[in-house]
Amino acid sequence: MFVMKYVIALVFVGILASLGSALFFMLRGGPSGDKARTKSAGMARALTVRIGLSVVLFLCVLLAWKLGYIQPGGLPVGK
């Protein structure tokens with residue numbers, strides 16, 4: 001199904017956006033009390049979102065395979 005390709009691509013973009021957001025929180029500001037706490041909380045939240053999206057992507061691919069929406073292609077064997 002073509003829809004599954006778009007769902008997988010969309011989740012990959014979400015994972016990359018979450019990694020970018022974590023990088024932004026990591027590099028932003030200097031180490032000063034309250035800013036450091038906000039920085040680490042934002043980075044932890046972004047990385048938690050990334051882990052959640054990765055798990056959802058894995059489960060969606062597994063479910064799509066079980067339901068027959070996607071088929072394993074394998075590598076062609078040459079003679």
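How many aromatic pairs does a search of the whole structure find? In this predicted model, the search turns up 1. The partners are F24 and F25, and their rings meet edge-to-face, with 5.7 Å centre to centre and 65° between the planes. That angle earns the edge-to-face label because the cut-off is over 60 degrees. As for how well each ring is covered, F24 is exposed, at a relative accessible area of 51%, whereas F25 is buried, at 17%.

Now to helix 1, which runs over residues 2-27 and so has 26 residues. From first C-alpha to last, helix 1 reaches 38 Å, close to the 38 Å expected at 1.5 Å a residue. Its buried positions are M4, V11, I15, S18, A22 and F25. F25 thus turns up both in this buried set and in the aromatic pair.

S18 deserves a closer look. This serine sits in helix 1 and has a relative accessibility of 6%, so it counts as buried. What does S18 touch, leaving aside its neighbours within four places in sequence? The contacts are A46, L47, V49 and R50.

Turning to the surface, a nonpolar patch of about 600 Å² is put together by I51, V55, F58, L59, L62 and W65. One of these residues, V55, belongs to helix 2, which spans residues 33-67. V55 comes out as partly exposed because its relative accessible area is 44%, and partly exposed covers the range between the 20% and 50% cut-offs.

Notes
Residues numbered from 1 in each chain as written. Predicted model: local features only at pLDDT ≥ 70, side-chain atom pairs only at ≥ 80, totals over all residues. Heavy atoms only, no water. Phe/Tyr/Trp six-rings, centres within 6.5 Å; stacked < 30°, edge-to-face > 60°. Buried < 20%, exposed > 50% of the residue type's maximum accessible area, 1.4 Å probe, protein only. Helix = DSSP H or I, 4+ residues; strand = E, 2+ residues; numbered from the N terminus. Expected span 1.5 Å × (residues − 1). Contact = heavy atoms within 4.5 Å. Patch = residues over 30% accessible without salt bridge, like charges linked within 9 Å, V, L, I, M, F, W, Y side chains within 5 Å. Areas by Shrake-Rupley, 256 points an atom, 1.4 Å probe, with all protein chains shown as cover. Salt bridge = Lys/Arg side-chain N within 4 Å of Asp/Glu carboxyl O.
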